[in-house]
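Hello,

Here is the structure I promised to pass on to you. Please have it open while you read, as my notes follow below it.

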Amino acid sequence: MTKYEELANLLFADIDKTPEYYEELYPPRQLKEGARVTRFAPSPTGFLHFGNLFTCINAYTTAKNTGGVFYVRVEDTDQKRKVEGAVESMLKSLSVYGVKADEGVVGENEEIGDYGPYYQSKRKEIYQAYAKSLVQQGLAYPCFCTPEELDEIRNAQENEDIKGYYGKYAKCRDLSVEEVKKNIDAGMPWTLRLKSPGDITKKCYFDDVIKGKIEMPENVIDVVLLKADGIPTYHFAHAVDDHLMRTTHVFRGDEWIASVPLHLQLFKVLGFKPVKYAHVAPIMKEENGGKRKLSKRKDPEAAVTYYAEQGYPKDSVNEYVMTIANSNFEDWRRVNKDEPIEKFPYNPKKMSVSGALFDIAKLTDVSKNVICKMTADDVFEQSYEWAKEFNPQLAALYEKDKDYAKAVLNIDRENKKPRKDIAKWSDIPDYISYMYDETFEECYDLTGNATPSLAVDVLEKYKDIVDINDDKDTWFDKIKSICEPCGCTPNVKEFKQNPDAFKGHVGDVSTVIRVALTGRTNTPDLYCITALLGEERVKARIEKAIAHYKEEK
């Protein structure tokens with residue numbers, strides 16, 4: 001028995017499984033050539049950030065576009081920071097946007113798949129088996145340095161270019177088995193460190209999926225692999241897990257680029273084929289002429305729950321994410337207006353290297369385009385589901401008469417040029433408020449050439465001829481018919497040629513009627529509004545408007 005095998009047995013006496021056992025237990029996946037295996041690996045410490053969603057959708061799309069596998073692994077080794085319900089909340093937020101794992105954690109303490117357990121807290125023995133193997137090969141060793149000793153090392157390195165536990169500063173690197181045994185018998189706590197094979201004069205080269213070729217110094221630090229409680233660090237755990245779960249591509253924030261030399265070194269000493277890393281730049285936001293990272297603290301839109309609360313449809317968010325994920329998406333969408341987003345030839349190499357810019361105005365525009373193409377039934381069903389959770393008043397209006405609600409939502413919809421008034425479901429209460437007596441707010445402000453005097457004249461004549469059973473042409477002919485008796489022209493062009501000859505034109509007459517019925521100067525089709533409001537409500541609102549304008553005269 002070599003001294004390293006003796007050391008391994010001393011440190012891990014209870015570990016009887018070997019890496020070979022786990023290699024057989026978790027064999028390579030039987031997937032087609034080019035299929036990619038990606039993952040979402042959150043810590044259960046809080047809500048889903050928009051940046052997490054962005055990274056996750058890119059990983060998910062990569063797996064789906066290549067016929068691969070997308071799984072969820074929960075990195076919960078730090079139990080002190082665990083937030084109850086965080087995993088379920090994150091999974092729910094992802095599912096809203098169509099991101100559903102093929103395997104892994106699919107609910108709080110609920111897993112599916114053959115490569116689990118998918119909670120790191122349940123994989124302690126696996127990590128220790130690989131740690132034991134590294135010790136047996138002389139590639140890892142126990143460190144007994146106290147926090148005070150580590151502080152002394154940090155202070156001594158104040159003027160050094162490289163800081164950390166390495167070289168002459170690695171005090172425990174060459175302890176004998178006898179010294180280790182003596183320390184353990186004395187009850188001294190220990191961590192397990194990598195015996196880094198790195199060379200301070202050499203470089204590490206890797207090809208980032210997003211950022212291209214990168215060159216960095218090799219890792220020379222003897223990093224901690226297992227903490228004093230036997231729990232692995234992120235560095236060690238992710239290497240073991242990504243290998244055994246047969247991950248091919250890891251999408252993560254570019255703050256991890258500095259760790260790549262270490263991570264590639266870990267894959268090498270463990271005898272694993274390395275994953276390909278895709279480092280996603282942070283989502284940026286414009287502020288005071290500059291740019292900053294989207295902030296959990298400053299920006300409500302940083303939380304993914306914000307989009308559900310505001311009522312942005314999942315299709316809108318997904319479309320917007322793809323506009324900032326791939327520079328060619330908008331060109332593709334212009335040519336393929338009605339194609340499902342899944343048909344887009346997504347390519348992670350077309351992601352922004354410096355950081356995509358979050359723009360709520362752009363999201364709003366994208367969402368208007370998405371919603372305007374929906375059928376009235378779709379708008380009703382999706383906004384009704386939203387309202388039941390976030391706006392009970394709107395849900396109650398819908399429930400009074402669902403067919404009426406659908407008819408209201410169908411005004412100027414399902415035609416060649418649908419209106420784009422709605423960007424999110426929270427816009428709907430205001431958008432349809434004048435169609436319900438409970439929410440109608442009177443406002444008699446006029447625009448254009450309309451005056452209170454003209455309004456009285458127009459409405460007095462209109463109330464006697466309005467008939468909600470008229471077809472659209474008849475209805476508009478009636479509006480034109482009252483123009484001349486009111487001193488207006490039914491011809492806008494004629495008014496422009498000789499404005500002093502008339503009090504207004506047919507547009508002004510229509511505006512008077514629109515304001516009386518809706519309290520607004522800009523609405524969808526007035527004919528449809530009139531027909532849906534019904535004769536009783538139309539005449540009652542006209543009478544009220546006449547009384548108001550008579551007082552103003």
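What follows is a short tour of what turned up, from the overall form down to single residues.

Please keep in mind that this is a predicted model.

**Overall form**

The protein has 22 helices and 16 strands. Its radius of gyration is 34 Å, whereas the globule rule gives 24 Å for 553 residues, so the protein is more spread out than a compact globule. The box filled by the C-alpha atoms fits with this picture: along the principal axes it is roughly 110 × 45 × 45 Å.

Of the 553 residues, 50% are buried. If you take the contacts with a separation of 6 or more, 73% of them are between residues 24 or more positions apart. The exposed surface comes to about 27200 Å², and 48% of that is supplied by carbon and sulfur atoms. As for charge, there are 92 negative and 79 positive side chains, with the centres of the two sets 4 Å apart.

**Aromatic residues**

Searching the whole structure gave 27 aromatic pairs. One of them is Tyr404 with Tyr436, an edge-to-face pair with the planes at 90° and the centres 5.4 Å apart. Tyr404 belongs to helix H16 (residues 402–409), while Tyr436 sits in the loop between helix H17 (428–431) and helix H18 (452–465), so the pair ties together parts that are 32 residues apart in sequence. Both Tyr404 and Tyr436 are buried.

Trp475 and Phe476 make a tilted pair, because their planes are at 35° and their ring centres are 6.2 Å apart; the tilted class covers planes from 30 to 60 degrees apart. Are these two residues buried or partly exposed? Trp475 is buried, at a relative accessible area of 9%, and Phe476 is partly exposed, at 31%.

There is also an aromatic cluster, and you may like to colour it: Phe50, Tyr306, Tyr307, Tyr312, Tyr320 and Phe358 form it together.

**Two buried residues, Thr55 and Val250**

Thr55 is part of helix H3 (residues 50–65). With a relative accessibility of 15%, Thr55 counts as buried, since the cut-off for buried is under 20%. Leaving out residues up to four places away in sequence, Thr55 touches Phe251, Arg252 and Val280.

Val250 is in strand E10 (residues 249–253), and at 0% relative accessibility Val250 is buried as well. Which residues does Val250 contact, leaving aside its neighbours within four places in sequence? They are Arg39, Asp242, Val275, Lys276, Tyr277 and Ala278. Val250 also gives a nice example of distant parts of the chain coming together: its C-alpha atom is 7.6 Å from that of Ala59, although the two are 191 residues apart along the chain.

**The start of the chain**

Met1 lies in the segment before helix H1 (3–11). Its relative accessibility of 74% makes Met1 exposed. Not counting residues up to four places away in sequence, Met1 touches Glu6 and Asn9. From Met1 to Cys143 there are 142 residues in sequence, and the C-alpha atoms of the two are 22 Å apart in space.

**Backbone details**

Some backbone features may be worth a look on your screen. Where is the cis peptide bond that precedes Pro117? This bond joins Gly116 and Pro117, with omega at about 0°, and Pro117 lies in the loop between strand E4 (110–112) and helix H5 (124–136).

Two residues that are not glycines have a positive phi: Asp412, at about 60°, and Glu414, at about 55°. Asp412 is in the loop between H16 and H17, and so is Glu414. Asp412 counts as partly exposed, with a relative accessibility of 21%. Helix H16 is also where you met Tyr404 of the edge-to-face pair, so that pair and this loop can be viewed in one go.

That is the tour. Do write back if you would like to go through any of it together.

Best wishes

Note on methods. Residues are numbered from 1 along each chain as its sequence is written. This is a predicted model: local features need pLDDT of at least 70, side-chain atom pairs count only at pLDDT 80 or more; totals for chains, interfaces and linings use all residues. Side-chain values use heavy atoms; hydrogens and water are left out. Helices (H or I, at least four residues) and strands (E, at least two) are DSSP runs, numbered from the N terminus. The radius of gyration is taken over C-alpha atoms; the globule rule is 2.2 Å times the number of residues to the power 0.38. Buried means under 20% relative accessible area, exposed over 50%, partly exposed in between (1.4 Å probe, protein chains only). Contact means heavy atoms within 4.5 Å. Accessible areas come from the Shrake-Rupley method with a 1.4 Å probe; for residues, only the protein chains shown count as cover. Lys and Arg count as positive and Asp and Glu as negative; His and the chain ends are not counted. The place of a charge is taken as NZ of Lys, CZ of Arg, CG of Asp or CD of Glu. Rings of Phe, Tyr and Trp (its six-membered ring) pair if their centres lie within 6.5 Å; planes under 30 degrees apart count as stacked, over 60 as edge-to-face and the rest as tilted.
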